[in-house]
Amino acid sequence: MSIRISLAGATGWAGSALALAIAKSNDLTLVSAVSRTHAGHDLGDVLDEPLLHCPIYATTQEALAHACDVFFEFTKPDVAKSNVLAALQQGAHVVIGTSGLTDADYAEIARVAEQRRLGVLAVGNFALTVVLLQKFSEIAARYIPQWEIIDYAHAGKKDAPSGTARELAYRLSNIRPSELTIPLEQTLGPVETRGARLTGSQVHSIRLPGYTISAEIIFGMPDQKLTIRHDSGSSAQPYVDGALLAIRKVNTFVGLRRGLDHVLDL
Ligand SMILES: NC(=O)c1ccc[n+]([C@@H]2O[C@H](COP(=O)([O-])OP(=O)(O)OC[C@H]3O[C@@H](n4cnc5c(N)ncnc54)[C@H](OP(=O)(O)O)[C@@H]3O)[C@@H](O)[C@H]2O)c1
């Protein structure tokens with residue numbers, strides 16, 4: 001039986017690549033889409049894909065009038081949480097690709113998902129190389145007590161740190177906090193230069209023209225260091241396979257899971 005999907009952000013850079021992949025799959029069907037500027041149109045016409053027929057609405061509430069099994073969130077952080085909570089109230093499992101939600105947002109989403117007995121899979125980055133960066137970093141953090149995370153993105157990315165950096169810091173917090181040789185309050189000079197303390201990691205966000213999206217973590221020990229880094233290219237393709245997998249697996253658990261590895265056999 002086909003999985004029915006409502007996709008918020010279906011006309012965006014990431015969402016449109018996902019919509020086209022869903023249209024070509026045999027087991028997934030888009031039943032509704034969200035975009036303010038294309039509301040009232042058919043997504044197949046907007047994306048120039050004759051295989052795709054799906055109405056576009058300006059709001060998630062309108063789109064959710066079509067029954068769906070999975071709601072996919074690929075819009076912007078300022079509306080993502082309310083979209084996700086609305087979808088859970090309608091009885092849909094949820095995949096979150098949008099970055100910029102806080103740990104407090106996730107705590108609230110987790111509570112509602114548990115109450116409703118639904119699955120929510122939040123993935124800061126669907127690319128396989130990022131999933132591996134997370135796994136390798138978790139192994140390294142067991143042996144090396146000090147690390148810092150650097151997140152690089154294009155100048156126009158509003159949210160900081162990136163979803164990838166947030167997710168990495170969150171995951172490492174389950175292992176231990178990174179140690180600081182000099183406590184932050186003893187910094188001589190502006191303490192901001194040491195980055196933000198985020199769930200036990202120092203995180204530095206760089207926003208400059210010339211970058212796409214990269215994430216780097218440096219583990220330091222006396223006289224040796226380990227750097228693990230992921231770089232994205234300019235297409236949305238690396239995210240599509242992971243996003244499809246998330247849609248197919250999100251109904252296999254109850255509550256919130258953060259990271260694609262929860263549904264991968266790593
Ligand atoms: N997890 C991952 O692997 C991954 C990969 C890529 C991107 N992302 C994240 O996904 C999000 C989207 O990225 P993008 O590059 O695709 O952005 P984008 O190109 O700007 O697309 C945003 C989409 O959301 C819609 N939208 C924006 N605000 C809305 C609102 N208030 N109500 C309804 N629809 C709204 C836009 O349509 P209208 O403007 O017409 O409303 C558009 O369809 C970002 O948070 C980004 O960081 C995550």
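Two strands are said to pair if DSSP finds at least two bridges between them. With that in mind, the tour of this predicted model can begin.

**The strands.** Select strand E1 (3-8) and strand E4 (70-73). E1 and E4 pair in the parallel sense, and four bridges connect them. To view one point along this pairing, select alanine 8, which stands opposite glutamate 73 in E4.

Next, add strand E5 (residues 93-96), which runs parallel to E4 and is joined to E4 by four bridges. Here phenylalanine 71 has valine 94 in E5 as its bridge partner. Now display helix H4 (residues 77-89) and follow the chain from E4 through H4 to E5: this β-α-β crossover is right-handed.

**The side chains of E4.** Show the side chains of E4. Which residues point one way, and which the other? Val70 and Phe72 point one way, whereas Phe71 and Glu73 point the other way; all are buried.

**The cores.** Select Leu18, Leu30, Leu43, Phe72, Phe126 and Ile247, the residues with the most contacts inside the largest nonpolar core, which has 40 residues. Among the elements that give two or more residues to this core are E1, strand E2 (28-34), E4 and helix H8 (237-249). Helix H1 (13-24) is another such element, and its seven residues make up the largest share of the core.

Then centre the view on phenylalanine 126. Its contacts, not counting residues up to four places away in sequence, include Phe72, Phe74, Val95, Ile96, Tyr239 and Leu260.

Finally, select Val84, Leu101, Val112 and Leu256: these belong to a second, separate core of 25 residues.

Notes: Residues are numbered from 1 along each chain as its sequence is written. This is a predicted model: local features need pLDDT of at least 70, side-chain atom pairs count only at pLDDT 80 or more; totals for chains, interfaces and linings use all residues. Side-chain values use heavy atoms; hydrogens and water are left out. A nonpolar core is a set of buried Ala, Val, Leu, Ile, Met, Phe, Trp, Tyr and Cys residues joined through side-chain atoms within 4.5 Å. Buried means under 20% relative accessible area, exposed over 50%, partly exposed in between (1.4 Å probe, protein chains only). Contact means heavy atoms within 4.5 Å. A crossover is right-handed if, with the strands pointing away from the viewer, the path from the first strand over the helix to the second runs clockwise.
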